[in-house]
Amino acid sequence: MAVIVTVEIPGGTQEVYERTTEKITGASWWPAKGFLAHAAGPDGSGGWRVVDFWESEADFMAFVEKATPIFQEEGTPQIMPRIEEAVNVIVK
């Protein structure tokens with residue numbers, strides 16, 4: 001079952017997001033199994049929001065395991081994402 005993963009990063013910045021994303025997308029394991037789509041931007045309250053779509057929660061958790069060293073290196077706080085079932089995912 002596909003899932004929607006939402007991560008709210010209080011105080012997150014575009015600069016840290018861009019550095020982190022560059023490292024992740026440059027990793028030998030990218031694209032990660034089960035990845036479908038990604039969007040990110042300011043959350044309107046001074047932080048950063050990331051919304052991903054994955055084929056399953058297990059695929060997302062496997063990605064987190066691989067990406068955690070990059071998140072730690074960039075100083076991204078450990079945040080519990082909101083994971084919800086996706087009834088449908090349409091990408092262009």
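Biologist: Which residues lie nearest the centre of the largest pocket?

Modeller: The general idea goes like this: rolling a probe the size of a water molecule over the atoms shows where empty space is left. Keep in mind that this is a predicted model. Here, 36 residues line the largest pocket, and Val 7, Ile 9, Phe 63, Phe 71 and Thr 76 lie nearest its centre. Its volume comes out at about 890 Å³.

Biologist: And which helices and strands each supply at least two residues of that lining?

Modeller: Go through the elements in chain order. Strand 1 (3-9), helix 1 (14-25), strand 2 (35-42), strand 3 (48-54) and helix 2 (57-73) each bring at least two residues to the lining. Helix 2 gives the most, with seven residues.

Biologist: How do the lining residues divide into nonpolar, polar and charged?

Modeller: You get 22 nonpolar residues, twelve polar and two charged.

Biologist: Let's look at Thr 76, then. Where does it lie?

Modeller: Thr 76 sits in the loop between helix 2 and strand 4. Its relative accessibility is 22%, so it counts as partly exposed. Beyond residues up to four places away in sequence, Thr 76 touches Val 16, Thr 20 and Phe 71. Try a C-alpha distance as well: Thr 76 and Gly 11 are 65 residues apart along the chain, yet their C-alpha atoms are separated by 9.8 Å.

Biologist: Glu 74 caught my eye too. Is Glu 74 buried or exposed?

Modeller: The cut-off for buried is under 20% relative accessible area. Glu 74 has 12%, so it is buried. Like Thr 76, you'll find it in the loop between helix 2 and strand 4.

Biologist: Which side chain does the side chain of Glu 74 make a polar contact with?

Modeller: That would be the side chain of Arg 19, at 2.7 Å. Setting aside residues up to four places away in sequence, Glu 74 touches Val 16, Arg 19, Thr 20 and Lys 23.

Biologist: Now the strands. How should I read strand 1?

Modeller: As a starting idea, in a regular strand the side chains alternate between the two faces of the sheet. As for this case, strand 1 is mostly covered, with five of its seven residues buried. It pairs with strand 3 in the antiparallel sense over seven bridges, and Ile 9 has Trp 48 of strand 3 as its bridge partner. Strand 1 is also joined to strand 4 (residues 82-85) by four bridges, again running antiparallel. There, Val 5 has Ile 83 as its partner.

Biologist: In what sense do strand 2 and strand 3 pair, and over how many bridges?

Modeller: Antiparallel, over seven bridges. Pro 42 stands opposite Trp 48 in strand 3. Trp 48 is also the bridge partner of Ile 9, as we just saw.

Biologist: What about backbone angles? What is the rule of thumb?

Modeller: Most residues other than glycine have a negative phi, and most peptide bonds are trans. In the hairpin of strand 2 and strand 3, with five residues between the strands, Gly 44 takes a positive phi near 90 degrees. Then check the peptide bond from Trp 30 to Pro 31: it is cis, with omega near 0 degrees. Pro 31 is in the loop between helix 1 and strand 2.

Biologist: Let's finish with the two ends of the fold. What does Ala 2 contact?

Modeller: Ala 2 lies in the segment before strand 1. Leaving aside neighbours within four places in sequence, its contacts are Leu 36, Trp 54, Glu 55, Glu 84, Glu 85, Ala 86 and Val 89. Phe 60 is 58 residues away along the chain, with a C-alpha separation of 10 Å.

Biologist: And Val 89: where is its place?

Modeller: In the segment after strand 4. With 27% relative accessibility, Val 89 counts as partly exposed. Apart from neighbours within four places in sequence, Val 89 is in contact with Ala 2, Leu 36 and Phe 53. Leu 36 also appears among the contacts of Ala 2. For a distance to try yourself, Val 89 and Arg 49 are 40 residues apart in sequence and 19 Å apart in space, C-alpha to C-alpha.

Key: Residues numbered from 1 in each chain as written. Predicted model: local features only at pLDDT ≥ 70, side-chain atom pairs only at ≥ 80, totals over all residues. Heavy atoms only, no water. 1 Å grid on protein atoms, 1.4 Å probe; cavity = no way out; pocket = protein on both sides within 12 Å on 5 of 7 lines; lining within 4 Å. Points joined across faces, edges and corners; volume = space filled by probe spheres on them. Nonpolar A, V, L, I, M, F, W, Y, C, P; charged D, E, K, R; others polar. Buried < 20%, exposed > 50% of the residue type's maximum accessible area, 1.4 Å probe, protein only. Pairing = 2+ DSSP bridges. Contact = heavy atoms within 4.5 Å. Polar contact = N/O pair within 3.5 Å; in protein donor to acceptor, adjacent residues only side chain to side chain.
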